[in-house]
Amino acid sequence: MTTLSYPPKPSPGDRIAVISPGAGLPGLFPRPFELGLERLRKEFGLEPVEYPTTRRMGATPQERAADVNAAFADPDIKVIMASIGGDDQITVLPYLDRELIRANPKPFFGMSDNTNLLAFLSNTGIVGYHGATVMVQLGRPVAMDALTAESLRAALFTSGAYELRPAERWNDVNRDWADPATFDAKPETKPAGGWTWVNPDRVIEGRSWGGCLEILGWLLMADREIARDLSAYDGGVLLLETSEDMPSSEEVFRTLRNMGERGLLRRFSALLMGRAKTWSFERPNSPEEGARYAAEQREAVLRAMRTYAPDTTIVFDVDFGHTDPQLVIPYGGLVRVDGPARRITVTY
């Protein structure tokens, strides 16, 4: 991980590749996708470029990998962003051209299933960016959340330190993208409550690694994009967050337990745990049920960490996962966790 480097930043007016290495959901839900493209143009000054599978559901892993390779190879493309996530991007990884991508480093933005590509880039020596997909964050009804937009702008166009701030209000209840009325009003939000710190007695600065917990579990099972020498993660900052699949607290514990048995958890000096998503269309929890789910997940994380890495500094409810707003975290980049000052600073 010490060999990772930040790719060159784009400038306003540059071309941004918009790809779907996970799922071609822009073809099913064009409204949030088109809204996201419009904001890329008007609010960020970037010119989106689509690829053959960007709007196509059912594209093969080879076809999606060809789009990724083409986006990195094109000298006119200065930055790459995923349209959204998915659930089988792990099948795309074998068809990526690692040497081509290493020779043409570019900032890549994505999350969720894009944990696969972020881990691939990290192993290739390229810092990526966990966060900001076109359909979700940029396609938010009425307006992007101000905290999300500020973080994304800084990650896109600036280099150096950026201090993360706890969200004052947040949301994790989705509305139907197929219903035009969804885009007539901003999402309703609720008080956030700030971050919760465990073992905040030190200052840690290290490279980040991790992502969506479910995707990491799949990568570990397939033994893909995990460093052979685990000392590569020593002193690093582990990023973990859970998706709209809403894994049970026992599943969260077992995944972390297996990471602990592999020797991974004790390598990291700090853990940033994303705010749990507590609602989905399949599980429309009441506020009370959602709070209980989040509390059970937190206890599962603590139970695993107490067993395998009891001295690790942990920060819960950092807004970098499947909830709104969303902070962009450099993946493989530097993260400073200042426990005594209760501050988190990333390097974009």
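**Two sheets, their helices and two nonpolar cores**

Phe109 has Tyr129, in strand 5, as its bridge partner. This pair belongs to a predicted model, in which local features need pLDDT of at least 70 and side-chain atom pairs count only at pLDDT 80 or more, while totals for chains, interfaces and linings use all residues. Residues are numbered from 1 along each chain as its sequence is written, and side-chain values use heavy atoms, with hydrogens and water left out. Helices (H or I, at least four residues) and strands (E, at least two) are DSSP runs numbered from the N terminus.

Strand 4 (residues 108-110) and strand 5 (residues 128-130) pair in the parallel sense through 2 bridges; pairing requires at least two DSSP bridges between the strands. Both strands take their place in an open sheet of 6 strands, ordered 2-1-3-4-5-14 and with mixed pairing. Its edges are formed by strand 2 (47-50) and strand 14 (329-331), each of which pairs on one side only. On average, neighbouring strands in this sheet are turned by 30 degrees against each other, direction ignored; axes are lines fitted to C-alpha atoms (for helices, over the stretch in contact), and angles between N-to-C directions run from 0 to 180 degrees.

Two helices can be placed against these strands. Helix 1 (residues 30-42) lies across strand 1 (15-19), strand 2 and strand 3 (77-82), and runs at about 140 degrees to strand 2. Helix 2 (residues 61-73) packs on the sheet as well, where it touches strand 1 and strand 3, and its direction makes about 170 degrees with that of strand 1. Asn69 is found in helix 2 and counts as buried (under 20% relative accessible area, with exposed over 50%, partly exposed in between, and a 1.4 Å probe applied to protein chains only), because its relative accessibility is 13%. Beyond its neighbours within four places in sequence, Asn69 is in contact (heavy atoms within 4.5 Å) with Tyr95, Leu96, Asp97, Leu100 and Ile101.

Helix 4 (residues 115-124) is mostly covered, with 9 of its 10 residues buried. Among the buried residues of helix 4 are Asn116, Leu118, Phe120 and Ser122. Gly125, just after helix 4, takes a positive phi of about 95 degrees.

A further open sheet has 8 strands in the order 6-16-15-10-11-12-13-9, again with mixed pairing. Strand 6 (161-164) and strand 9 (196-198) stand at its edges with a single partner strand each, so one side of each has no neighbour in the sheet. Within this sheet, strand 10 (residues 203-212) and strand 15 (residues 334-338) run antiparallel and are joined by 5 bridges; here Val203 stands opposite Asp338 in strand 15. Helix 7 packs on the sheet, touching strand 10 and strand 11 (236-241), at about 80 degrees to the direction of strand 10.

Helix 7 (residues 213-222) also packs with helix 8 (residues 249-261), at an angle of about 45 degrees and with the axes 11 Å apart. Leu213, Gly217 and Leu220 of helix 7 meet Val252, Thr255, Leu256 and Met259 of helix 8. Leaving aside neighbours within four places in sequence, Leu256 is in contact with Leu213, Leu240, Leu265, Val301 and Ala304.

The largest nonpolar core (buried Ala, Val, Leu, Ile, Met, Phe, Trp, Tyr and Cys residues joined through side-chain atoms within 4.5 Å) holds 55 residues, of which Leu96, Trp209, Leu256 and Met259 touch the most other members. Helix 9 (residues 287-308) contributes the most to this core, with 6 residues. A second, separate core has 46 residues, including Met81, Val134, Leu239 and Val328.
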